[in-house]
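Trainee: I should like to work through this model with you, beginning with the terms.

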Amino acid sequence: RPKLSDPRLILTRAMALEFGTLPAVLPRDSTSDLRSWTVTTNSEARRRLKGVLGILDVAARYPETMDEALVRRAFLLHRLGMNTEALTTAGAMEPPHDPVVEYWRQLILGRILSSLGELARAVAAYEHAASLQPRAQTPAIALTGLLLRSGERDVAIAWAERARTTPESPIDPWALYWAGDRRFLASWLVELRRAR
């Protein structure tokens, strides 16, 4: 019998383990910064995230999973407080072909750059994310907070208004980050039905 072999299975394993580090899953560490998703030294989440990095490195060896594995790796490095490495990972790669993964990359770059104090570049990353998904709230909310911190109150208010008036119907692709491969389900079902 042929062995089931698909790089997405490797990536799916990494996603499942990463999901297990969400604050709602693990007991809350009072010193963790939930706004930036960072985890503290000696926490259970930190230990688990370090294990996921190795799995993502394996997934990044395959062309079909490389982009998403690298973007997820950058987010994990950010969560571990390793922002310089995270920036190298997310900033050096070519823009992914998958528009959802590119949207995630821009949001993650915004977080990383903000953590490094590079606010102008963080704003540019969030603005790029907003241009990729104009009806998504995540970049607008991030820009509101970042621009308020930068003293650009009027521009921040404009982004807040955009976030407030965004229709609820479209799904913000950031939510799909935590949904594993759900975004492929419809197309996979079509392929399975054709193969019957």
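Mentor: Axes are lines fitted to C-alpha atoms, for helices over the stretch in contact, and angles run from 0 to 180 degrees between N-to-C directions. Helices (H or I, at least four residues) are DSSP runs, numbered from the N terminus. The model is predicted: local features need pLDDT of at least 70, side-chain atom pairs count only at pLDDT 80 or more, and totals for chains, interfaces and linings use all residues. Residues are numbered from 1 along each chain as its sequence is written, and side-chain values use heavy atoms, with hydrogens and water left out.

Trainee: How are H1 and H3 oriented to each other, roughly parallel or roughly antiparallel?

Mentor: Helix H1 (residues 7-19) packs with helix H3 (residues 63-79) at an angle of about 20 degrees, their axes 10 Å apart. Angles under 35 degrees count as roughly parallel and those over 145 as roughly antiparallel. H1 and H3 are therefore roughly parallel.

Trainee: Which residues of H1 make the contact with H3?

Mentor: Contact means heavy atoms within 4.5 Å. On the H3 side, the participants include Glu-64, Arg-72 and Phe-75. On the H1 side they are Pro-7, Arg-8, Leu-11, Met-15 and Glu-18.

Trainee: Which helix gives the largest nonpolar core its largest share?

Mentor: A nonpolar core is a set of buried (under 20% relative accessible area, 1.4 Å probe, protein chains only) Ala, Val, Leu, Ile, Met, Phe, Trp, Tyr and Cys residues joined through side-chain atoms within 4.5 Å. The largest has 53 residues, and Trp-104, Ile-108, Trp-174 and Tyr-177 have the most contacts inside it. Its largest share, nine residues, comes from helix H5 (residues 99-115).

Technical notes. Buried < 20%, exposed > 50% of the residue type's maximum accessible area, 1.4 Å probe, protein only. Helix = DSSP H or I, 4+ residues; strand = E, 2+ residues; numbered from the N terminus. Parallel < 35°, antiparallel > 145°, perpendicular 65-115°, else oblique.
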